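This report asks how two chains meet and how selected residues are placed within them. Please examine the sequence and the structure before reading on.

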Amino acid sequence: FPLSCPTIKVHISRRLTPSPFGRPSKNQRRGDQRSKAVPSSQKMSRRYDSRTTIFSPEGRLYQVEYAMEAIGNAGSAIGILSKDGVVLIGEKKVTSKLLQTSTSSEKMYKIDDHVACAVAGIMSDANILINTARVQAQRYTFMYQEPMPVEQLVQSLCDTKQGYTQFGGLRPFGVSFLFAGWDKNHGFQLYMSDPSGNYGGWKAAAVGANNQAAQSILKQDYKDDATREEAVELALKVLSKTMDSTSLTSEKLELAEVFLTPSGSVKYHVHSPDSLTKLLVKHGVTQPAAESS
Amino acid sequence: MSIFEYNGSAVVAMVGKNCFAIASDRRLGVQLQTIATDFKRISKIHDRLFIGLSGLATDVQTLYQRLVFRHKLYQLREERDMKPETFASLVSAILYEKRFGPYLCQPVIAGLGEDDKPFICTMDSIGAKELAKDFVVSGTASESLYGACEAMYKPDMEAEELFETISQALLSSVDRDCLSGWGGHVYVVTPNEIKERILKGRMD
């Protein structure tokens, strides 16, 4: 390709991109101009990744994959299903002393009385989706006068996410969720969903940074008939192994559990920093923080 | 025959010393026929806030469900319960939204606000708020209730005395109204507990 000469570059790039959708967009042309001697598959991807709503020639949706990349850099979250509850644990990325932590949490959110979720990815995208999930749960309760089944809630939220990969021209949400909940049909459940709108039910799952490492440790150490305490222990151990930071203190973690109270109602409980510290010490997972200078 | 008198109802709320009481009758009728004697007109929004709805029974149920919807979302976003004054404004706004096709009910709202100060109010079916310091009434028996409450009420009653007063006022008023009665349902709420009691009056 005579791509060294600027004018011919523009001319040839137009002819070589017979886009079925008409003229290629400005981004695509600029992408071609910038690429020098690169393999053709990469050059092809440059043309197909500006828009979410078109497939690449290899049959991939690049925007969705890039969204998942964004999540791979975010704080991790792990969920573990046990026979008497579901445990969610998250790694907090923002741990400045200046942060006003008295009220809201960064990783764990309540969707309804019987469903909670842990978040990994772009927080502002997560806030929109959490609000959507909350409204969907309430609309179901208004219509049917009973709590929304967990899978239906996850499904309806994932349908929203899928819409952003097929029409509208808007980018996908850069969030993965771990939903933990209880309903009377299937008891305790754990679901993982990703930006493509795909979801699955899991016994143990991890999202965010180092999730593959966490997933493989979970595969080895997960036991089907674990109790909630054992699940908490496993979650803390896995997170301590996969977290990047040198010291594991309660300020960097959030731990939440979904379980049934003796009276039979579902409770979502987020551990306080003190209770977390006690658990870290109990399971021998805490490492002393570096001496403050 | 007014649509507000189709099902029959009586709701009253009274303020006591750091407590409040809200009471309703239990009859559900279709004009002259009694259909149920355990109809719930008062419902809990959260541990310190109750709403009693009088008027058309279907709107009583649907309006309550809509309010639960809004309150649950508020609770999730604000991470706290709604204050009674705020809730009253919400009810008023929801009712006014349907200004030209209204919900045919009159709510009575009773709650404990900041510093355990009791709050009561009522409104008409299109959301005109009426705040009161002593008692509020609504329903087909409202005229009798006004008279009975005015006579029996005195300020700063404790929970037990408040219960007696509101029960007597309710039972004597519904006895003068053919469309409400068949017992009473009384909630007395103090900062520490909610006491729910069923009254047996003239079962007619």
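Is B:D204 buried, partly exposed or exposed? With a relative accessible area of 46%, B:D204 is partly exposed, because the class "partly exposed" lies between the cut-offs of 20% and 50%. The model discussed here is a predicted one.

## Salt bridges

B:D204 forms a salt bridge with B:R202, and the closest N and O atoms of the pair are 2.8 Å apart. B:R202 itself is exposed, at a relative accessible area of 54%. In another part of the structure, A:E58, A:R60 and A:E65 are joined into one network by salt bridges that share partners.

A search over all chains finds 19 salt bridges in the whole structure. Side chains of opposite charge can pair when their charged atoms come close. The table lists some of these pairs with their N to O distances.

| Residue | Partner | N to O distance |
|---|---|---|
| A:D113 | B:K72 | 3.5 Å |
| A:D125 | A:R171 | 2.8 Å |
| B:K154 | B:E161 | 2.1 Å |
| B:R202 | B:D204 | 2.8 Å |

The salt bridge between A:D125 and A:R171 deserves a closer reading. A:D125 lies in helix 5 of chain A, whereas A:R171 lies in the loop between helix 6 (150-166) and strand 5 (175-183) of chain A, so the pair ties together parts that are 46 residues apart in sequence. The two partners also differ in their surroundings: A:D125 is buried, with a relative accessible area of 7%, and A:R171 is partly exposed, at 48%.

In chain B, the side chains of B:K154 and B:E161 meet in a salt bridge. B:K154 is partly exposed, with a relative accessible area of 40%. B:E161 is also counted as partly exposed, at 36% relative accessibility.

## The interface between chain A and chain B

How many residues of chain A are in contact with chain B? There are 13 such residues, and they are in contact with ten residues of chain B. Between them the two chains bury about 1,000 Å², of which 63% is on carbon and sulfur atoms. Which three residues supply the greatest part of the area that chain A buries against chain B? A:R134, A:Q138 and A:F142 supply 52% of that area, more than any other three residues.

The count of salt bridges between the two chains is one, and its partners are the side chains of A:D113 and B:K72. Two residue pairs are found in polar contact across the interface. On the chain A side, strand 3 (108-112) and helix 5 (123-144) each supply at least two of the residues that touch chain B. Helix 5 of chain A gives the largest share, six residues. By class, the side of chain A that touches chain B has three nonpolar, five polar and five charged residues.

## Strand 6 of chain B and its partners

Why is strand 6 (residues 49-55) of chain B described as largely enclosed by the rest of the structure? Seven of its seven residues are buried, so the strand is largely enclosed. In a regular strand the side chains alternate between the two faces of the sheet. In strand 6 of chain B, B:L49, B:I51, B:L53 and B:G55 point one way, B:F50, B:G52 and B:S54 point the other way, and all are buried.

Strand 6 of chain B pairs with two strands of that chain. With strand 5 (residues 42-46) the sense is antiparallel, over four bridges, and B:S43 stands opposite B:I51. These two strands form a hairpin with two residues between them. With strand 7 (residues 105-112) the sense is again antiparallel, over seven bridges; here the bridge partner of B:F50 is B:A110.

## B:D47 in the loop

Where is B:D47 placed? B:D47 belongs to the loop between strand 5 and strand 6 of chain B. This residue is partly exposed, with a relative accessible area of 49%. The side chain of B:D47 makes a polar contact of 2.7 Å with the side chain of B:K44. When neighbours within four places in sequence are left aside, B:D47 is in contact with B:V189 and B:I194. The C-alpha atoms of B:D47 and B:G8 are separated by 27 Å, the two residues being 39 residues apart along the chain.

Definitions and conventions:
Residues numbered from 1 in each chain as written. Chains lettered and ligands numbered in written order. Predicted model: local features only at pLDDT ≥ 70, side-chain atom pairs only at ≥ 80, totals over all residues. Heavy atoms only, no water. Contact = heavy atoms within 4.5 Å. Buried area = accessible area lost by both parts, 1.4 Å probe. Salt bridge = Lys/Arg side-chain N within 4 Å of Asp/Glu carboxyl O. Polar contact = N/O pair within 3.5 Å; in protein donor to acceptor, adjacent residues only side chain to side chain. Nonpolar A, V, L, I, M, F, W, Y, C, P; charged D, E, K, R; others polar. Buried < 20%, exposed > 50% of the residue type's maximum accessible area, 1.4 Å probe, protein only. Pairing = 2+ DSSP bridges.
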